[in-house]
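Here is a friendly short report on two spots in a protein model. Take a look at the sequence and structure first, and then read on.

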Amino acid sequence: MRPARRWPVTQPTKSSLLNVLPLKQRMKIPRQHMLEQCAEQRAHNFTEVNLGYSEELARQEALRCLDCAKPACTNDCPVGVKVKDFVALIVAGDYLGAAAKIREDNVLPAITGRVCPQEDHCEGGCLMGKKVQPLGIGYLERFVADYEQRHLDISNLPKAAPTGKKVAIVGSGPSGLTAAGDLVQKGHQVHVFEALHTPGGVLVYGIPEFRLPKQIIREQIDYMRAMGVEFETNVVVGRTVTIDELMNEEGYDAVFIGTGAGLPQFMGIPGEHLNGVYSANEFLTRINLMHAYEFPKYDAPIVDFLGKNVAVIGGGNTALDSIRSALRLGAGKAFVLYRRSEAEMPARKEEVKHAQQEGIEFQVLTAPIEFLDDGKGWLAGARCQKMALGEPDASGRHRPVPIEGSEYEIPLSVAVIAIGTSANPIVQSTTPGLNTSKRNYIQADATTQRTSRKGVFAGGDIVTGSATVILAMGAGRRAAKSIDDYLTSGEW
Amino acid sequence: MFKILHAEFLAPGIKRFVIEAPRIARKQKPGQFVILRLNEQGERIPITIEHSDAERGTIGIVVQSAGKTTNLLNSLNTGDSILDVVGPLGKPSEIENFGTVVVMGGGVGTAMAYPTAAALKRAGNRVISIVGARNKELVILERELREVSDALMITTDDGTYADKGFVTDKLRQLIENGTRIDLVLAIGPIPMMRAVAEMTRKERIRTVVSLNPIMIDGTGMCGGCRVMVDGKSEFACVDGPEFDGHRVDFSVLVQRNSMYRAAEQKSMQDFQREKLHLDAAPTQEKTTCALHGGGR
């Protein structure tokens with residue numbers, strides 16, 4: 001183990017000096033595949049699908065970077081990771097340096113390296129992708145983050161000089177953790193409140209072990225503790241303590257609200273109350289937070305999936321996380337019912353590919369219109385309707401239009417509804433003067449993340465509605481900067 | 001960790017705990033509940049708060065052994081700790097001067113009705129309390145409830161104490177006597193709350209019941225605790241736990257609460273087997289295995 005490095009790294013990396021391979025040759029190196037568990041095997045376990053890069057694979061992949069003068073990757077990253085600089089450090093074999101370089105902009109590299117939709121951000125604009133395949137930025141990020149975890153001694157991280165200012169972070173999901181990490185580096189005292197018994201928010205309760213192992217989250221949070229961030233679990237802000245009490249009685253100078261998208265949406269169709277119909281949030285929380293897949297070693301149960309027909313309704317990452325979990329619980333047949341076509345699916349491309357490899361059947365342009373009762377209060381099936389694509393709606397995606405007379409029934413024992421969430425009202429309803437949108441999301445400035453309340457900032461899904469981990473982290477990052485400005489200047 | 005400052009059995013299988021939880025104690029209002037988890041393998045179960053003491057920073061809960069988790073909880077004693085306690089959750093009871101209120105507690109539900117009865121009394125209501133239990137031993141909080149009630153009636157199913165019969169018998173008597181009743185609060189087993197709601201529906205007496213569906217997070221995030229109210233899904237953890245008894249679909253509640261019956265029975269059997277084993281070999285190391293079951 002190497003000694004703690006001085007952090008953050010300040011000297012700029014002359015990335016062009018580190019990769020001596022001529023540009024033309026870089027283009028000839030194929031994108032390096034990440035090792036993964038084979039589909040037959042992984043469909044029956046909760047162990048991580050992707051196994052990571054070896055040093056050789058990582059350096060080979062890193063050599064492909066074209067070292068663009070105007071790097072789209074950094075530009076398209078919601079937290080602005082200096083991609084070509086960290087990649088050049090991989091080429092040079094300085095993996096800890098690469099990790100430190102990422103950490104200048106991203107305090108959760110092991111997490112984003114696994115769950116970011118890179119195709120929509122860094123890899124989406126990669127010049128290599130225009131010609132061949134984009135640089136494996138996510139894979140490389142994951143590699144250096146995992147390397148750092150194994151090799152960096154975090155017991156003695158350097159700390160910024162204390163400013164004497166206290167910041168409360170409400171919620172320990174991606175936006176809260178990012179804001180906390182950035183603020184503690186500025187020397188502020190940062191205290192994170194979490195409603196559940198484990199910090200991590202959606203990273204813990206929402207994303208399954210096979211995509212983001214809990215151990216990784218624990219390690220990232222341990223790192224934040226080593227940076228000086230304090231965590232307090234079992235506090236539901238709005239119930240256990242209010243924002244006003246935090247500021248007036250507990251001496252917090254600023255508060256960041258990152259409570260996430262709260263309430264699961266249901267479809268409002270007949271039969272949703274039947275046993276065997278889950279919201280994705282409940283299903284995933286039972287699996288991920290409560291370890292129901294390890295029942296009876298863990299106490300929280302889940303219904304029996306063995307050999308059963310299971311469907312998820314929805315086409316996002318949550319839907320795929322749910323149905324792939326169901327498969328791992330022993331489901332006989334696993335379906336995705338999605339009302340638009342595969343092209344409109346919001347899920348990460350890699351997840352769709354992995355799910356298809358594992359044998360999950362996609363029934364697109366399909367929506368259930370009723371859940372059927374077995375006569376004893378349990379789900380027996382779904383009556384579905386086929387859809388056609390109509391004109392684009394507000395989201396720019398084609399609106400699904402029901403096809404009359406296309407109804408058919410499929411037998412199902414379990415259905416998981418993953419069609420999105422709406423705003424959890426607990427904080428809004430207990431914080432006077434906090435402006436909200438028509439749909440009860442908290443209103444915050446898109447640049448400063450300031451709310452209508454002095455000293456109160458908000459970001460992530462509680463402002464935007466359901467989005468991605470990295471977009472929430474971007475909001476946390478902007479909020480941290482703006483909180484620091486506010487605490488330094490005292491000006492609102 | 002939340003320290004148990006005091007633990008005592010009120011009746012066989014019914015235990016009262018005083019727990020150090022200063023944040024919760026400061027905020028608790030009658031009708032609210034906590035969710036607790038006993039150990040790393042444990043499930044999360046909701047338990048109504050029986051009382052709180054903001055100055056001492058303590059809350060009280062009353063727990064009836066039902067499944068694995070409640071049995072394990074009731075094996076804890078003064079000085080032990082509970083890993084996680086979060087709250088206060090749920091909407092507080094609506095407290096105002098309604099006039100005459102009948103507070104009905106069935107079994108351990110009496111402990112949940114008590115803080116609301118006390119608050120209703122303080123708000124100036126005439127409080128008539130009706131407490132029912134299976135037998136004499138299981139009548140709890142009689143003295144406490146008597147202190148906050150203008151009248152207290154007790155029934156036991158087997159007649160071993162006070163009047164033989166059910167709480168609904170007493171309610172019927174009140175109605176038949178022409179007692180003016182402005183509000184009924186019924187907290188207890190589902191069949192009892194359902195029977196009370198059916199009786200008062202005809203009389204058009206506003207009736208509040210406290211529901212106990214299966215919960216996980218308790219903040220509205222999972223939707224597991226959804227109950228059918230007026231044909232629509234509502235979440236007991238954020239919209240309740242108290243609802244208008246005339247609008248609740250009790251059969252859906254019974255059906256959804258049975259969802260994990262088989263798993264609950266397995267957990268309980270494993271627990272009992274392990275307990276027998278441990279009792280037979282008392283020198284063995286204390287079990288770290290966790291418990292499952294119950295609920296409020």
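## Strand 13 of chain B

In this predicted model, strand 13 of chain B (residues 207-210) sends B:Thr207 and B:Val209 one way and B:Val208 and B:Ser210 the other, and all are buried (under 20% relative accessible area, with over 50% counting as exposed and values in between as partly exposed; 1.4 Å probe, protein chains only). In a regular strand, side chains alternate between the two faces of the sheet. Strands (E, at least two residues) and helices (H or I, at least four) are DSSP runs numbered from the N terminus.

## Its partners

Strand 12 of chain B (residues 183-187) runs parallel to strand 13 of chain B, joined by three bridges; strands pair if DSSP finds at least two bridges between them. Here B:Ala186 stands opposite B:Val209. Between these strands the chain passes through helix 6 of chain B (residues 190-203), a right-handed β-α-β crossover (clockwise from first strand over helix to second, with the strands pointing away from the viewer).

Strand 16 of chain B (residues 242-244) is antiparallel to strand 13 of chain B, again with three bridges, and B:Glu242 stands opposite B:Ser210.

## A:Asp105

Over in chain A, A:Asp105 lies in the loop between helix 7 (95-103) and helix 8 (109-115). A:Asp105 is buried, at 7% relative accessible area. Its side chain makes a polar contact with that of A:Lys82 (2.8 Å); such a contact is an N or O pair within 3.5 Å, within protein one able to donate a hydrogen and the other to accept it, with sequence-adjacent residues counting only if both atoms are side-chain atoms.

## Reading the model

Residues are numbered from 1 along each chain as its sequence is written, and chains are lettered from A and ligands numbered from 1 in the order written. Local features need pLDDT of at least 70 and side-chain atom pairs 80 or more, while totals for chains, interfaces and linings use all residues, and side-chain values use heavy atoms, leaving out hydrogens and water.
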